[in-house]
Amino acid sequence: MSPKPLITHLYTADPSAHTFNNKVYIYPSHDRETDIAFNDNGDQYDMTDYHVFSMDSIDGPVTDHGIVLSAKDVPWVSKQMWAPDAACKNGKYYLYFPARDKEGIFRIGVAVSEKPEGPFTPEEDFIPGSYSIDPASFVDEDGKAYLYFGGIWGGQLQCWTESENGHIFDASKSGPQEPSGDGVVALSPRVAQLSDDMLTFVEPPCNLKILAPETGEPILADDHERRFFEAAWMHRFNGTYYFSYSTGDSHYLVYATGNSPFGPFTYQGRILEPVLGWTTHHSIVDFQGRWYLFYHDCELSGGVDHLRSVKVREILYDDEGRISLA
Ligand code: FUB
């Protein structure tokens with residue numbers, strides 16, 4: 001049976017959950033009603049701010065800490081504050097968020113706070129060298145931090161190509177487009193190590209390989225049930241790195257495992273079957289000795305794709321580290 005929405009006074013989605021100071025903090029998108037026509041570019045996902053939520057226990061009440069960052073307060077943003085994430089390092093908290101810049105190109109920004117519940121103060125400009133959507137931060141046990149990101153179709157990942165002069169944006173590839181054809185490899189999510197101050201990339205982002213277990217080769221573009229679409233997440237369990245993501249138009253949450261934060265990762269299977277609504281996006285967090293999947297569906301709005309609500313379910317690992325829902 002589907003659990004109840006955790007938050008019912010607002011529409012919320014793309015929940016990035018973290019355990020900070022023995023509480024769960026949730027950093028979601030804040031969905032809102034608009035009269036923008038629906039399309040496969042995601043224009044109807046026209047969010048303007050972020051709230052932070054926290055819980056002392058997994059079935060206890062949820063506290064809304066209010067608006068912690070607004071588009072109007074970020075100098076480089078034009079519109080569409082999509083799925084954020086947060087990290088803690090050196091006693092400070094960092095909110096990573098994608099939005100369109102003044103030229104309509106998705107970039108990733110960072111905002112800083114002394115407290116996990118914000119409010120967050122944005123940097124003047126987006127992270128140099130950042131592009132596309134859905135940042136997911138991961139601070140490893142050795143203190144090194146990484147940002148995973150990317151999303152195809154409305155997320156514009158297919159618009160970017162590498163050249164000797166860096167990454168180049170081709171606006172003609174915007175919208176619901178992606179590579180296809182016999183033997184064509186799927187687009188890869190990106191990863192970049194973050195600087196010690198968490199504000200910049202140490203090196204240009206690199207491609208994260210996701211391999212098919214049966215071939216040991218990268219997953220192909222036409223394999224829509226397994227190829228990366230958006231919603232990157234990284235967690236570590238028993239020394240193994242788990243990279244999970246949404247398959248977009250086939251609507252699964254799936255995962256792949258590897259031995260390094262840079263991969264390569266080998267596809268393992270599904271975490272969640274399709275939910276009510278087009279998008280699916282999640283996080284996985286260790287809280288008070290158990291593991292949880294935070295995700296969203298559209299039950300609260302009766303199935304309106306861009307009006308979503310956050311939910312949580314416990315997950316389990318078997319002896320080989322395979323994930324299943326409790
Ligand atoms: O919330 C807007 C977009 O929808 C996110 O960035 C995607 O992951 C999808 O959930």
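This is a short talk on the pockets, a few buried residues and some backbone details of one protein chain.

The model is predicted, so please keep that in mind throughout.

I'll start with the pockets. The largest pocket has a volume of about 440 Å³. Its lining is made up of 20 residues, and the ones nearest the centre are His 18, Phe 138, Val 139, His 235 and Arg 236. Five strands give two or more residues each to that lining: strand 1 (11-20), strand 6 (85-89), strand 10 (136-139), strand 17 (230-237) and strand 21 (282-287). In chemical terms, the lining splits into 12 nonpolar, four polar and four charged residues.

The second largest pocket holds about 320 Å³ of space. Here 24 residues form the lining, with Gly 42, Tyr 45, Glu 230, Trp 278 and Thr 279 nearest the centre. This lining divides into 10 nonpolar, eight polar and six charged residues.

Now to single residues, beginning with two on strands I have just named. Lys 89 sits in strand 6. Is Lys 89 buried or exposed? Its relative accessibility is 12%, and buried means under 20%, so Lys 89 counts as buried. What does the side chain of Lys 89 pair with? It makes a polar contact of 3.5 Å with the side chain of Asp 196. Setting aside neighbours within four places in sequence, Lys 89 is in contact with Tyr 94, Gly 143, Asp 196 and Met 198.

Ala 136 belongs to strand 10. At 1% relative accessibility, Ala 136 is buried. Leaving out neighbours within four places in sequence, Ala 136 is in contact with Asp 85, Tyr 146, Leu 147, Tyr 148, Ala 232 and Trp 233. For a distance along the fold, take Ala 136 and Val 191: they are 55 residues apart along the chain, and their C-alpha atoms are separated by 9.3 Å.

Next is Tyr 255, in strand 19 (residues 253-258). Tyr 255 is buried as well, with 2% relative accessibility. Where does the side chain of Tyr 255 reach a backbone nitrogen? At Ile 323, at 3.0 Å. The C-alpha of Tyr 255 is 4.0 Å from that of Ser 244, which is 11 residues away along the chain. Not counting residues up to four places away in sequence, Tyr 255 touches a list that runs from Tyr 242, Phe 243 and Ser 244, through Tyr 267, Gln 268, Gly 269, Arg 270 and Ile 271, to Gly 321, Arg 322 and Ile 323.

The loop between strand 9 (121-122) and strand 10 holds Ser 132. The relative accessible area of Ser 132 is 0%, so this serine is buried. A polar atom of the Ser 132 side chain lies 2.7 Å from the backbone oxygen of Gly 155. Among the other residues that Ser 132 touches, again not counting those up to four places away in sequence, are Pro 98, Phe 106, Gln 156 and Trp 160.

Asp 134 is in that loop too, between strand 9 and strand 10. What is odd about its backbone is a positive phi of about 55°, although Asp 134 is not a glycine. Asp 134 is buried, at 4% relative accessible area. Gln 156, which I listed as a contact of Ser 132, also has a positive phi, near 70°. Gln 156 is found in the loop between strand 11 (145-149) and strand 12 (160-163), and it is buried with a relative accessible area of 4%.

Staying with the backbone, there are two cis peptide bonds to mention. The bond from Gly 118 to Pro 119 is cis, with omega near 0°, and Pro 119 lies in the loop between strand 8 (106-113) and strand 9. Gly 263 and Pro 264 are also joined by a cis peptide bond, with omega about 0°. Pro 264 is in the loop between strand 19 and strand 20 (265-272).

Last, the cysteines. How many disulfides are there? The count comes to zero, taking a disulfide as a pair of cysteine sulfur atoms within 2.5 Å. As for surroundings, Cys 206 is partly exposed, with a relative accessible area of 32%, whereas Cys 298 is buried at 0%.

How values were computed
Residues numbered from 1 in each chain as written. Predicted model: local features only at pLDDT ≥ 70, side-chain atom pairs only at ≥ 80, totals over all residues. Heavy atoms only, no water. 1 Å grid on protein atoms, 1.4 Å probe; cavity = no way out; pocket = protein on both sides within 12 Å on 5 of 7 lines; lining within 4 Å. Points joined across faces, edges and corners; volume = space filled by probe spheres on them. Helix = DSSP H or I, 4+ residues; strand = E, 2+ residues; numbered from the N terminus. Nonpolar A, V, L, I, M, F, W, Y, C, P; charged D, E, K, R; others polar. Buried < 20%, exposed > 50% of the residue type's maximum accessible area, 1.4 Å probe, protein only. Polar contact = N/O pair within 3.5 Å; in protein donor to acceptor, adjacent residues only side chain to side chain. Contact = heavy atoms within 4.5 Å.
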